[in-house]
Amino acid sequence: MKRSRLNRSLQVFWYLALLFLYAPLAIVVTFSFNSTNTYAKFSGFSLRWYEKLLENEIILNAFYNSAVLAITSSALATVFGTALGYGIYRYRHLQLGWLIWIIYLPIVMPDIVYGISQMTFFVGVHQLTGFLQPDLGTMIIAHISFQVPFVALLIYSRLVQMDPLLFEATQDLYARPWQRAWYFVLPTLRAALISAFFLSFTLSIDDFVISFFTAGPESTTLPIFIWSAIKKGITPEINAISTLLIVTVFTAAAISFAIQRARPAQSRSSQ
Amino acid sequence: MRTMIRSLAMSMLLTLGLAAGTSAMAQEKTLYIFNWSQYMDPEIIEAFEQKHDVKIVRNFYNSLPEMFSKLRAGGDSQYDIIVPSNYFVPRLIETGLVQKLDHSKIPNLDNLHPKFRDPSFDPGNQYSAAFQWGTTGLIYNKETLGEHSDTWGIMFDPKANTKYPFAMIGDGQVTMGMACAYLGFGYRCTDREQWKKAAKLVLETKKRENFSGFNDGTPQLQQIAQGVIHAGMSYNGDYVFFKSEDPEAYEDIGFSIPKEGAEIWVDNMMIPANAPNPDLAHTFINYILDAEVGAQLSNWTYYSSPNKAALPMLDEVLQQPPSTPTDAELKRSHFTPSLSGEDLQVFQQLWTEVQSR
């Protein structure tokens with residue numbers, strides 16, 4: 001009796017958490033379909049703000065930059081992060097556990113500190129050598145640098161879950177290193193790789209702080225555009241962009257999550 | 001697996017190719033503009049692009065300090081045009097972030113109204129040419145605060161308005177200037193003792209229960225229409241813009257230049273010190289100062305035009321107050337003083353104190 005009352009009151013927190021998480025997002029999405037430019041009331045369903053987006057060259061350009069940045073950086077971060085995660089796993093007997101702290105550090109570093117230091121670094125290198133002028137290239141480098149630790153940790157944790165004897169089994173079957181990689185390690189990691197890619201993708205697409213500091217004149221992304229546009233207040237157009245961003249991030253996160261979940265069943269049937 | 005790797009590789013190649021494509025496009029002549037957002041008619045941009053066969057890339061900033069720090073971090077070699085407000089002009093000149101204008105390339109400079117031709121913040125227009133101007137005044141709800149409110153007392157006099165929420169502008173120099181004006185020191189006060197008194201007044205005002213917060217001028221206009229605040233500080237141009245967009249919602253909202261005084265400001269086109277295309281930048285400034293383009297610009301932004309030759313072509317709503325202030329209103333509107341050195345430090349300390357207490 002007492003127990004159930006406690007449970008019920010704890011349930012309230014669950015619903016409160018949901019409310020504060022999703023109600024603001026719901027408002028943004030709802031008002032992106034509002035037919036008039038006001039927050040005061042919802043005057044009717046309309047797609048006019050989305051149509052306006054498609055006519056706005058600056059927004060389309062920002063959309064394009066965001067896409068190029070997210071896809072390129074995630075793909076490269078998946079490659080580098082996987083190599084790193086595998087390396088940490090492969091040489092874990094060398095007592096290099098403390099190395100993990102070095103990669104952890106950027107994850108816990110405040111974005112603002114990280115962004116400013118990246119900017120200072122790029123500007124300094126540019127002044128000395130003429131390379132690395134802030135533009136999409138420097139943004140891709142910066143994004144890869146904060147995505148790699150996430151990928152490495154994801155891959156590492158997947159590898160640790162595996163039975164180490166399987167590696168010995170491949171050796172017993174005379175697999176060469178590249179055969180082992182191609183026929184065993186990569187297929188086993190497939191789910192982790194896809195989910196690492198989409199995790200990196202969501203990190204990149206909604207990053208504002210680090211992008212802001214490392215961007216150049218031609219590499220405005222959607223979050224940077226939104227920031228500069230809110231000087232004039234939040235327009236329904238901004239709501240429409242935000243809605244598209246929300247949908248994109250949700251989709252990427254859902255794919256990442258679904259594949260991670262589905263993996264155990266699949267692996268049993270395929271191995 | 002193989003298909004996944006292939007598709008990954010494909011998407012990488014594709015994006016790299018696209019990225020290379022965009023940077024190749026940048027080889028053609030490009031003009032980089034760094035401006036406030038929604039401050040330029042896109043048709044003007046298109047017309048200029050066609051007329052001179054160039055590409056224009058536009059970037060936006062949210063505040064002047066933001067623009068300033070971007071310029072300092074290498075931006076002075078990445079942008080061709082910036083549009084700072086009057087009180088930031090001396091700071092940009094002193095730090096060497098901007099270059100002198102070549103007047104021989106800007107014949108349309110003569111179109112500027114005499115009052116913008118030799119401004120105190122940049123004598124002789126050596127570095128800057130006016131883009132748009134306006135005033136920062138009092139916005140108020142006519143129904144609750146009276147049809148004709150024209151005093152900062154609505155905010156600073158605790159007895160004048162005890163229950164209706166109000167906001168002040170987040171830019172310290174403006175809010176402090178308004179407080180100075182209310183105390184009778186004038187909007188442009190820079191005396192330390194007067195500053196201290198003004199800071200004390202703002203602090204006391206901030207602690208009142210119906211103070212809603214510091215905010216920028218434009219969002220305040222949205223808040224006042226929603227009834228979140230009943231009085232605030234905002235810009236005449238945005239007031240006119242919002243009012244013509246949604247006459248119903250702004251029917252009961254008034255704008256005034258209080259009798260104690262208010263701010264007049266002007267945003268100026270300048271060329272960063274190491275701009276990639278200074279010649280094109282001069283051409284662009286000259287283009288904006290053209291009479292017809294100047295009128296088109298103001299008709300789009302709803303701000304006042306510094307272009308004397310453009311005045312007859314302005315929309316009717318722009319030819320009357322508050323877009324075009326009366327002589328009396330102009331007389332009590334003042335530029336925000338440009339601070340430097342010790343003055344700037346003292347002011348920033350004071351303002352930080354006001355905000356944090």
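## A walk through chains A and B

Start by selecting chain A: its secondary structure comes to eleven helices and zero strands. Here helices (H or I, at least four residues) and strands (E, at least two) are DSSP runs, numbered from the N terminus. What you have open is a predicted model, in which local features need pLDDT of at least 70 and side-chain atom pairs count only at pLDDT 80 or more, while totals for chains, interfaces and linings use all residues. Residues are numbered from 1 along each chain as its sequence is written, and chains are lettered from A and ligands numbered from 1 in the order in which they are written.

**Stop 1: chain A as a whole**

Follow chain A along the sequence and you read α-α-α-α-α-α-α-α-α-α-α. Its C-alpha trace spans about 70 × 70 × 35 Å along the principal axes. How much of chain A is buried? Buried residues make up 35% of its 271 residues. A residue is buried if 20 or more other C-beta atoms lie within 10 Å of its own, exposed if 12 or fewer, and partly exposed in between, with C-beta atoms placed from the backbone. Now think about contacts, meaning two residues whose C-beta atoms, placed from the backbone, lie within 7 Å. Of the contacts in chain A with a separation of 6 or more, 79% come from residues 24 or more positions apart.

**Stop 2: A:Phe184**

Next, select helix α8 (residues 177–205) of chain A and pick out A:Phe184 in it. A:Phe184 counts as partly exposed because it has 18 C-beta neighbours inside 10 Å. Leaving aside residues up to four places away in sequence, A:Phe184 touches A:Thr170 and A:Ala175. Try a distance label to A:Phe167 too: the two residues are 17 apart in sequence and 8.6 Å apart in space, C-alpha to C-alpha.

**Stop 3: over to chain B**

Switch to chain B, which has 15 helices and twelve strands. Its C-alpha trace spans about 70 × 60 × 45 Å along the principal axes. The radius of gyration of chain B is 23 Å, which agrees with the value near 21 Å that a compact globule of 357 residues would have. That radius is taken over C-alpha atoms, and the globule rule is 2.2 Å times the number of residues to the power 0.38. Of the 357 residues of chain B, 45% count as buried.

**Stop 4: a parallel sheet**

Select β2 (residues 55–61) of chain B: six of its seven residues are buried. Add β1 (residues 30–36) of chain B, and you see β1(B) and β2(B) pair in the parallel sense over seven bridges. Two strands pair if DSSP finds at least two bridges between them. Which residue stands opposite B:Phe34 in β2(B)? B:Asn59 does. To get from β1(B) to β2(B), the chain passes through helix α2 (residues 42–52) of chain B, and this β-α-β crossover is right-handed. Right-handed means that, with the strands pointing away from the viewer, the path from the first strand over the helix to the second runs clockwise.

Zoom out a little: three strands of chain B form an open sheet in the order β2-β1-β3, with parallel pairing. The edge strands are β2 and β3 (81–82) of chain B, each pairing on one side only.

**Stop 5: an enclosed strand**

Move on to β8 (residues 231–235) of chain B. Five of its five residues are buried, so the strand is largely enclosed by the rest of the structure. Rotate it to check both faces: B:Ala231, B:Met233 and B:Tyr235 are buried on one side, and B:Gly232 and B:Ser234 on the other. Then show β5 (residues 129–141) of chain B, which runs antiparallel to β8(B) and is joined to it by five bridges. Here B:Leu138 stands opposite B:Met233.

**Stop 6: the nonpolar core**

A nonpolar core is a set of buried Ala, Val, Leu, Ile, Met, Phe, Trp, Tyr and Cys residues joined through C-beta atoms within 7 Å. The largest one has 148 residues, and A:Ile155, B:Ile81, B:Ile139, B:Ala179 and B:Ala198 touch the most other members. Helix α6 (residues 136–161) of chain A gives the most to this core, with 13 residues. Click on B:Ala179 and look for B:Phe156, B:Ala198, B:Leu201 and B:Val202, which it touches when residues up to four places away in sequence are not counted.

**Last stop: confidence**

Colour chain B by pLDDT, the predictor's confidence in each residue, from 0 to 100. The mean for chain B is 90, and 92% of its residues reach 70 or more. pLDDT stays under 50 over residues 13–26 of chain B. Where pLDDT is low, the predicted coordinates should not be read in detail. For the complex, the predictor gives an ipTM of 0.74 and a pTM of 0.81.
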